[in-house]
Amino acid sequence: MTEHYTVLILLMPLFGALVTTLLGRERQNACWLTALICMATSSLFAIGNIGRILASGSGELRYRMGGWQESRGYEVGIELRVDMLAALVVAMVVLVGFVNMIFSKTRVAGEMKDKVSFFYTLKQLLIVGLCGIVMTNDAFNLYVLIEITSLTSYALIAMGNRRAALSSFNYVIMGTIGASFYLLGVGYLYIKTGTLNIDDISLRMQHQYGEPSLMIAFALIMLGIWIKMAFFPLHGWLPNAYSYAPSMVGSFMAPLMTKVMVYVMLRVMLWLFEGEYVYSGRLVWGELIVWMAIIAIVAGSFLALACTDIKKMLTYLIVAEVGYMVGGAWLADGAGITGSMYHILSDAAMTFCLFLAASIVILRTGDHRLTAFTGLFRRMPLTMTGFTIGALSMVGLPPTCGFFSKWYLISGGIDVGHWSYVAALLFSSLVNAVIFFRIIERAYLGKLEEVGNESLPLDADGGPPMTLDRVPYSMLLSLLIASGSVLLVGIYNETLVGWLKAAIPSL
Amino acid sequence: MEFLATGFFEEYIVPKFNYWIYVILMMIGLFAMITKNNLIKKLIGMAIFQTAIILFYVSIGVKAESGIPILGHEQHHAIVEEGQPSSEVIKKDKFANPLPHVLMLTAIVVGVSTLGLALAISQRIYRSFDTLEEDEILDQLRPGGHD
Amino acid sequence: MKLFGFIAVFIVGSVLLVMTMDFPGWGDTSSPASQGQVSSFYIEETINETKVPNMVTAVLADFRGYDTMFETVVIFIAGIGIIAVLRTFSDHSSPAPDEPEEDNEGGDLIIRSTCHLVVPLIQLFALYVVAHGHHSPGGGFQGGVMLGTSYILFALACGLPAAKKRMGERRAIIIAAVGIIIYAGWGVACLLFGGNFLDYSSLDPLLPGDAQMARSHSMLAVEIGVAFTVTAIMFAIYSNLATRGRLEKGL
Amino acid sequence: MIWQFDIIILIFMVVAALIALRVKDLLGATLVFGIYSFLICLLWAGMGAVDVAFTEAAVGAGVSTVIMIATVFSTARRSKD
């Protein structure tokens with residue numbers, strides 16, 4: 001039975017989604033319970049999978065769909081491949097999904113009204129898509145799953161107000177361009193190698209690395225993935241889409257979508273193409289991309305600094321964090337790549353924590369500007385503690401995970417002597433410190449009377465903002481888990497990095 | 001006109017013509033997606049963009065002498081009833097490569113799903129803004145506008 | 001914007017155009033894609049492994065059945081997403097008494113009679129397409145789209161309320177979910193019989209014929225699942241888009 | 001496969017795509033887009049991709065066109081570009 005864990009991780013939310021559909025929109029609590037149970041079992045399978053990888057000698061699990069064995073030296077069916085990195089990212093996805101499910105409980109009915117069951121269905125299918133992306137070993141299957149995640153997120157974002165619908169439309173256009181470029185790149189690889197399995201493609205490509213069409217294929221795939229992960233000049237769709245989305249959706253997609261796409265980028269760079277190919281042409285494009293990452297970090301930080309809207313600010317910070325990871329991956333250095341992988345996990349944890357805290361604050365006060373934080377430490381001490389932990393991690397103070405991931409990235413930069421990248425990371429930490437200490441100071445020292453009862457801004461549909469009388473326990477619990485995970489990922493960083501290092505193919 | 005007789009077309013144009021057209025169609029679609037102002041026009045561009053990629057994939061699978069990738073009755077009969085080995089009965093150059101076809105069935109489905117969802121979102125936008133022109137929508141969202 | 005767009009498109013386009021020179025020619029039998037062992041395996045061994053003459057159906061529903069399951073999920077997401085984005089539920093305000101004039105509204109007599117004549121034939125042909133996908137072009141997806149369009153035709157000719165009596169919203173959603181449950185459930189059944197997910201040959205004890213025939217039969221089963229989902233979702237997409245999500249009188 | 005036939009369809013396709021994007025009446029644009037889909041479906045049938053052609057005929061030329069027309073009727077018919 002244990003060998004089927006890999007596929008069961010994915011099947012649980014899939015069936016959960018179907019059952020919630022069948023339950024219908026009247027039985028909201030039953031929908032929530034189904035979703036919660038499915039996510040919980042899925043998380044158990046994901047954790048079990050980590051154990052199985054640790055127990056196995058090869059450090060990876062393979063699962064052949066349809067039982068099709070290798071034939072004539074090629075995989076003829078679709079294969080799943082889970083190594084330590086994939087297992088950790090999958091566990092991250094389903095755990096974030098699970099905790100977010102707890103978070104959604106009380107607010108969904110208010111935000112989604114009649115469409116609660118559709119919301120749960122789409123959300124679980126989004127998790128199916130993300131898990132599938134991480135585990136698949138087939139280049140085309142990856143495309144289908146990317147489209148699953150994209151379609152669900154278009155729909156989920158567009159369920160919000162009218163601005164959300166508009167930003168969702170832009171996301172549709174950008175997302176389709178990205179996915180189509182990816183598909184085109186896979187077509188170029190197929191025309192040159194005649195197979196779609198990632199391992200087989202990589203094996204067959206080795207003796208034709210010099211060919212220009214492979215270079216174009218690589219460039220197209222990278223371009224597609226960068227659009228999807230909102231790498232700096234291509235980030236236009238992200239801030240609006242995530243900040244106007246319903247808060248249940250934004251707090252869930254912001255930690256996961258870009259991180260999973262960074263994982264796909266690492267997968268393409270290190271397993272589909274090999275490090276030897278990607279980094280050999282370093283002088284031509286490797287250097288250039290590290291510089292683009294530096295620009296992304298600096299620009300993301302500045303844009304965040306200029307924001308007065310809390311969610312917008314967080315989304316620009318995501319843009320900067322994507323720059324961290326892309327830069328680390330392109331440094332062509334073991335420490336940089338490890339740092340990039342570890343940063344996927346830690347960034348997911350801290351973004352999740354911050355988004356949950358921000359959503360709670362916005363729901364409680366009905367105000368999405370930074371001034372809403374004034375004097376909040378007295379009114380909402382627990383929420384603000386969670387927010388502070390996330391903020392400290394963003395700034396990079398020990399023992400939070402943000403410190404360690406930044407540490408690995410910086411040591412990667414030092415190893416190859418890329419001082420400007422190091423400087424950009426330090427600069428971004430500084431900006432984060434300014435941003436967050438400004439908020440925390442206001443929350444700790446600010447007096448509520450100073451803002452007084454000036455009128456709250458209307459929400460984008462022109463109606464009065466929704467407020468809660470008190471924060472529900474389910475939200476506090478999920479924030480507690482999220483901020484705990486920020487600390488846990490930080491404290492166990494050596495174990496995690498040790499596992500991740502074993503997964504990296506030698507450069 | 002004598003170059004026509006010497007197989008100029010067969011030699012230089014035909015082998016690559018499909019690929020040229022796919023690039024041209026793709027760029028038409030991409031240009032429309034980036035620059036068109038009307039949301040529906042953008043979506044038509046998107047559909048053209050996707051079909052261009054499908055055209056590219058299907059062109060990969062073609063072989064000069066190939067027919068459709070379905071076994072004929074005689075071949076089916078020879079293999080299943082008479083038990084002849086399939087590798088002798090089937091001449092693989094006579095069949096188009098089935099794999100790109102399968103992939104493109106999936107891609108077409110994904111394309112229509114995206115189109116349907118995008119149309120729904122544009123109707124939702126029309127409901128709130130009463131227009132489908134991007135510049136007019138942005139005008140309404142400006143701080144000075146009636147937001 | 002126009003200029004920027006043109007420059008970007010021009011650069012990408014010219015790079016791609018130049019790169020086509022690197023491709024094997026169109027119809028070249030010696031290209032890696034055509035000569036590759038994967039493609040040869042599909043062409044030569046499909047009939048031995050699955051007893052299905054139509055290679056596309058076999059590859060779609062068996063070798064790459066996992067992809068096809070997600071393709072069905074994509075369709076499902078589109079349907080659910082459109083309802084989630086566009087639908088406005090107003091059942092509290094108007095109780096909507098049963099309208100007696102069921103088939104009377106919507107268009108004139110000739111159109112309605114022709115429609116009543118044609119729709120059954122379309123549906124019959126659609127079922128043939130679903131069932132005969134093993135031997136001829138077609139399969140669950142194409143058949144499902146045709147079934148869905150037969151409902152759309154009916155809605156166009158006789159009005160949406162009449163079509164909704166045949167395929168209500170709730171019913172459409174349930175049918176769509178059931179389709180995927182058939183597909184994924186078939187895969188889980190394979191798990192229970194000791195094979196991998198979607199390994200149809202492990203259902204051998206359950207189905208008539210040998211392991212290869214079990215694959216062939218299972219393909220029909222999953223194609224039927226696909227057809228369920230596609231039929232329902234196609235109609236749901238149309239009915240929502242045509243009425244701006246109100247599901248009242250349509251076009 | 002007759003290549004003359006092939007090339008003519010391909011050129012028609014480019015023309016149809018351009019017209020679909022130029023026409024200001026969205027209903028007309030949608031219909032021209034339907035023509036484009038039928039042309040590409042014809043092309044694929046010629047290339048031996050019968051299943052793809054069948055799907056494109058049902059989906060691209062059928063359902064896509066219908067849902068686009070449905071949207072055009074529910075929203076605005078004129079476009080500025």
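Let's start at the surface of chain B in this predicted model: chain B exposes about 5,300 Å², and 56% of that area is supplied by carbon and sulfur atoms. What about the residues tucked away from the surface? Chain B has 147 residues, and 67% of them are buried, where buried means under 20% relative accessible area.

Now follow the backbone of chain B. You will find seven helices and zero strands, so the pattern along the sequence reads α-α-α-α-α-α-α. Look next at which residues touch each other: among the chain B contacts with a separation of 6 or more, 63% join residues 24 or more positions apart.

Let's move over to chain A. Its secondary structure consists of 22 helices and two strands. How compact is chain A for its length? The radius of gyration is 22 Å, close to the 23 Å given by the globule rule for 507 residues, so chain A is as compact as a globular protein of that length. If you picture a box along the principal axes, the C-alpha atoms of chain A fill roughly 75 × 55 × 40 Å.

Inside chain A, 69% of the 507 residues count as buried. Contacts between residues 24 or more positions apart make up 80% of those in chain A with a separation of 6 or more.

Finally, take a look at the outside and the charges of chain A. About 15,200 Å² of chain A is exposed, with carbon and sulfur atoms supplying 65% of it. Chain A also carries 32 positive and 31 negative side chains, and 7 Å separates the centres of these two sets.

Definitions and conventions:
Residues are numbered from 1 along each chain as its sequence is written. Chains are lettered from A and ligands numbered from 1 in the order in which they are written. This is a predicted model: local features need pLDDT of at least 70, side-chain atom pairs count only at pLDDT 80 or more; totals for chains, interfaces and linings use all residues. Side-chain values use heavy atoms; hydrogens and water are left out. Helices (H or I, at least four residues) and strands (E, at least two) are DSSP runs, numbered from the N terminus. The radius of gyration is taken over C-alpha atoms; the globule rule is 2.2 Å times the number of residues to the power 0.38. Buried means under 20% relative accessible area, exposed over 50%, partly exposed in between (1.4 Å probe, protein chains only). Contact means heavy atoms within 4.5 Å. Accessible areas come from the Shrake-Rupley method with a 1.4 Å probe; for residues, only the protein chains shown count as cover. Lys and Arg count as positive and Asp and Glu as negative; His and the chain ends are not counted. The place of a charge is taken as NZ of Lys, CZ of Arg, CG of Asp or CD of Glu.
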